[in-house]
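This report reads through one structure in words, with the sequence and the coordinates shown alongside. It takes up a loop, then a sheet, a helix and a ligand site.

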Amino acid sequence: MTAIPPALVDALRAAREVTVLTGSGISAESGIPTFRDAQTGIWAEYRPEDLATPEAFAVNPRRVWEWYAWRRQMVSDAEPNAGHYALARLASLVPRLNLITQNVDGLHQRAGSENVIEYHGNILRNVCSIEGIVVDEQPVGDELPPACPACGGPLRPGVVWFGEAIPPAAMEAARRAAEACDLFLSVGTSSLVYPAAGLMEVALRNAARLIEVNPNPTPVTGLADFPLTGAAGDVLPRLVDALCERGE
Ligand code: OAD
């Protein structure tokens with residue numbers, strides 16, 4: 001079990017602004033497989049990279065919709081874990097906390113985190129693939145993908161696919177958060193997918209210190225001031241407990 005270094009607790013206590021970037025690893029302990037884990041069941045023969053693209057949706061919208069329906073069910077059945085709850089608690093222990101997530105599962109919000117920057121969108125949202133607007137009404141009928149009630153175009157999940165741009169508001173909020181923080185905490189991300197992985201570089205260029213929580217090494221591990229090897233659901237609650245203890 002990785003110990004929480006006292007110097008890290010001191011750095012957290014001194015921080016004015018903390019920015020957290022999470023990836024699919026934080027939801028692994030909620031039973032949602034990470035993006036690069038093998039898929040199971042009828043989807044085992046597909047790679048996520050071949051389904052989560054505008055091209056795949058153009059060629060076979062029904063298959064892409066059904067894959068997302070399967071993933072949505074997994075997300076709806078999941079519960080936030082100790083790692084999500086620890087980050088929600090951390091927000092009340094530092095002057096300012098910005099939480100950026102690459103996850104589309106909404107588990108941070110369900111754990112109580114506020115103002116979450118959803119870098120890759122949200123899987124539970126429907127968007128019209130023609131007009132790009134969010135459609136709140138529940139689709140009716142058996143058609144797959146369901147039709148937009150306004151224009152009749154096919155609905156799609158409100159996530160960012162490979163090759164698509166990050167929503168401008170999320171992009172801007174995340175850039176500001178990476179530039180302004182004095183501590184950057186990277187949790188459960190392989191740090192391979194840009195532009196999210198570039199946020200760490202922005203923070204480091206602006207002299208932030210870097211904490212990483214991951215059971216496996218990543219391209220960022222060697223740059224981290226505090227690399228913490230372990231699962232988010234174990235390490236984050238101990239980090240927050242250490243901060244509370246030292247604060248008393
Ligand atoms: P990845 O699947 O690339 O990486 C998951 C990371 O989580 C790995 O580094 C694991 O070691 C780590 N991990 C596994 N279990 C963990 C645990 N219990 N606690 C902490 N870490 C754990 O997922 P992401 O980095 O999130 O993009 O991938 C980033 C983006 O690439 C995703 O948002 C998605 C994907 O392609 C889009 O869909 C656009």
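## The loop between β8 and β9

V220 is found in the loop between β8 and β9, and in this predicted model V220 counts as buried because its relative accessibility is 7%, which falls under the 20% cut-off for that term. G222 has its place in the loop between β8 and β9 as well, yet G222 is exposed, with a relative accessible area of 77%.

Distances to Q102 can be given for both loop residues. The C-alpha atoms of V220 and Q102 are separated by 16 Å, the two residues being 118 apart along the chain, whereas the C-alpha atoms of G222 and Q102, which are 120 residues apart along the chain, are separated by 22 Å.

## The sheet

How are the strands of the open sheet ordered? The six strands follow the order β3-β2-β1-β7-β8-β9, and their pairing is parallel. β3 (117–118) and β9 (226–229) stand at the edges, where each has a single partner strand, so one side of each is left without a neighbour in the sheet.

Strand β7, residues 183–187, runs parallel to strand β8, residues 209–214, and five bridges join the two; here S186 stands opposite E212 of β8. β8 is in turn joined to β9 by four bridges, again with the strands running parallel, and E212 stands opposite P227 in β9. E212 therefore has a residue opposite it in the pairing with β7 and another in the pairing with the edge strand β9.

Which side chains of β9 are buried, and which are not? The side chains alternate along this strand: F226 and L228 point to one face and are buried, while P227 and T229 point to the other face and are not buried.

## Helix α5 and its start

Helix α5 spans residues 82–90, and its buried residues are G83, H84, A86, L87, A88 and L90. At the start of α5, a side-chain oxygen of N81 reaches to within 2.7 Å of the backbone nitrogen of G83, a residue that is itself among the buried ones of the helix.

The side chain of N81 also makes a polar contact with the side chain of S30, at 3.0 Å. S30 is found in the loop between β1 (18–22) and α2 (48–51), and S30 is buried, with a relative accessible area of 14%. N81 thus has a contact to the backbone of G83 in α5 and a contact to the side chain of S30, the latter lying in the loop that follows β1 and precedes α2.

## The ligand site

Which of the 21 residues around the ligand come nearest? They are S24, R36, T189, S190 and N214. By class, the shell around the ligand has eight nonpolar, eleven polar and two charged residues, and at least three residues of this shell are drawn from each of domain 1 (1–32 + 80–120 + 166–248) and domain 2 (33–77 + 122–159).

Several backbone atoms of the protein lie within polar-contact distance of the ligand. A backbone N or O atom of S24 lies 2.7 Å from an oxygen atom of the ligand, a polar backbone atom of G188 is 3.2 Å from an oxygen atom of the ligand, and a backbone N or O atom of G25 lies 3.5 Å from a nitrogen atom of the ligand. On its own the ligand has 790 Å² of accessible area, and the protein covers 89% of this area.

Technical notes:
Residues are numbered from 1 along each chain as its sequence is written. This is a predicted model: local features need pLDDT of at least 70, side-chain atom pairs count only at pLDDT 80 or more; totals for chains, interfaces and linings use all residues. Side-chain values use heavy atoms; hydrogens and water are left out. A residue is near a molecule or strand if one of its heavy atoms lies within 4 Å of it. A polar contact is a pair of N or O atoms within 3.5 Å; within protein, one must be able to donate a hydrogen and the other to accept it, and residues adjacent in sequence count only if both atoms are side-chain atoms. Accessible areas come from the Shrake-Rupley method with a 1.4 Å probe; for residues, only the protein chains shown count as cover. Ala, Val, Leu, Ile, Met, Phe, Trp, Tyr, Cys and Pro count as nonpolar, Asp, Glu, Lys and Arg as charged, and the others, Gly among them, as polar. Domain bounds come from an automatic or database domain assignment. Two strands pair if DSSP finds at least two bridges between them. Buried means under 20% relative accessible area, exposed over 50%, partly exposed in between (1.4 Å probe, protein chains only).
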